[in-house]
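This report describes selected parts of one protein structure for a reader who is new to the subject. Please keep the sequence and the model in view while reading.

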Amino acid sequence: MNLFSLSNRRPRLKRAFLAVLAAGGLVLGTALPAQATYYSGGFGTGLLNINNYSYNTTYQPAMNLAVANWNATPTPADIQKIGGGNVVAAGANSASWYGYYTRYSTSFRIDLNATKISSSCSNASNCITAVLVHEFGHAFYNADQPPVCSSCSIMREDRDRNSTIMRSPRTYDINETNNYL
Ligand SMILES: [Zn+2]
């Protein structure tokens, strides 16, 4: 289903507005998932083969926990550190983001910003896990800022990245992922 198949001559904002209206209509009419939280840059499968990264004693277990927490969900999520072209990396960066997901034609890359995490997080360990679990969420078609409370989705920008509960996909995220995969 392509909600953006309306005429390209329409102004961008109007087209987006119509898409929202169309999504609302579909929810009412057929009980399909709310398309407002769908991110089109997902990877295509729950199986994510990533590089076998190796970092320090803060990053390594925190990153591994993000992998484990997704794999423990009742979804098709199956993240394996066995290579395969997809990259998960951490490094210093002057940008304002904590983490960044980039989709390429046949692969994806996730970067964690150690500079931002160090300067903005009170609990680095929880924050690293919260950021990485969020970025994997994009690979599973979850968009930023779903219309739920700040602690109700790992995809909320205003969630508390230092809290324990935000290290794992929430019920909302699990349901959305199962809608998309
Ligand atoms: Zn995001």
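## The loop after helix α4

Y141 is located in the loop between α4 and α5. The model is a predicted one, and in it the phi angle of Y141 is near 75°, a positive value in a residue other than glycine. This residue follows helix α4. Y141 counts as buried because its relative accessible area is 13%, below the 20% that marks the limit for buried residues.

Q145 also belongs to the loop between α4 and α5. Its phi is positive too, near 60°, and Q145 is likewise a residue other than glycine. With a relative accessible area of 40%, Q145 is partly exposed.

## Helix α4

The 16 residues of α4 should span 22 Å at 1.5 Å a residue, and the 23 Å between its end C-alpha atoms agrees with that value. The helix is mostly covered, since 14 of its 16 residues are buried.

Two histidines of this helix, H134 and H138, are 4 residues apart, about one turn of the helix. An α-helix has 3.6 residues a turn, so residues three or four places apart point the same way. Both H134 and H138 are buried.

## The zinc site

Which residues coordinate the zinc ion? The donors are NE2 of H134, NE2 of H138 and OD of D144, at 2.0 to 2.1 Å. Along the sequence, these donor residues follow the spacing H-x3-H-x5-D.

H138 can be examined further. Its relative accessible area is 8%, which means that H138 is buried. Leaving aside residues up to four places away in sequence, H138 touches Y39, G41, G42, Y101, A143, D144 and M155. One of these contacts joins distant parts of the chain: G42 and H138 are 96 residues apart in sequence, while their C-alpha atoms are 5.9 Å apart in space. In addition, a polar atom of the H138 side chain lies 2.8 Å from the backbone oxygen of N142.

## The second largest pocket

The second largest pocket has a volume of about 240 Å³. It is lined by 14 residues, of which G99, H134, E135, H138 and D144 are the closest to its centre. Two elements, β4 (99-103) and α4, each give two or more residues to this lining. The largest contribution comes from α4, with 4 residues. The zinc donors H134, H138 and D144 are thus named again among the residues closest to the centre of this pocket.

## D111 in strand β5

D111 is found in strand β5. Is this residue buried or exposed? D111 is buried, because its relative accessible area is 18% and the limit for buried residues is 20%.

The side chain of D111 makes a polar contact of 2.8 Å with the side chain of R109. When residues up to four places away in sequence are not counted, D111 touches A89, W97, Y98, G99 and Y100. Among these, G99 is also one of the residues closest to the centre of the second largest pocket.

## Helix α2

Helix α2 comprises 13 residues, 59-71, and reaches 18 Å from its first C-alpha to its last, close to the 18 Å expected at 1.5 Å a residue. Its buried residues are Y59, Q60, A62, M63, A66, V67, N69 and W70.

What covers these buried residues? The covering elements include the strands β2 (78-80), β3 (87-91) and β5 (108-113), together with the helices α3 (114-120), α4 (124-139) and α5 (171-180).

Note on methods: Residues are numbered from 1 along each chain as its sequence is written. This is a predicted model: local features need pLDDT of at least 70, side-chain atom pairs count only at pLDDT 80 or more; totals for chains, interfaces and linings use all residues. Side-chain values use heavy atoms; hydrogens and water are left out. The expected span of a helix is 1.5 Å times one less than its number of residues. Buried means under 20% relative accessible area, exposed over 50%, partly exposed in between (1.4 Å probe, protein chains only). Contact means heavy atoms within 4.5 Å. Donors are N, O and S atoms within 2.8 Å of the metal (3.2 Å for Na, K and Ca); water is not among the atoms, so sites may look incomplete. A polar contact is a pair of N or O atoms within 3.5 Å; within protein, one must be able to donate a hydrogen and the other to accept it, and residues adjacent in sequence count only if both atoms are side-chain atoms. On a 1 Å grid over the protein atoms alone, a cavity is a set of points where a 1.4 Å probe fits but cannot get out, and a pocket is an open set with protein on both sides within 12 Å along at least five of seven lines; lining residues have an atom within 4 Å of a point. Grid points are joined across faces, edges and corners, and a volume is the space filled by probe spheres set on the points.
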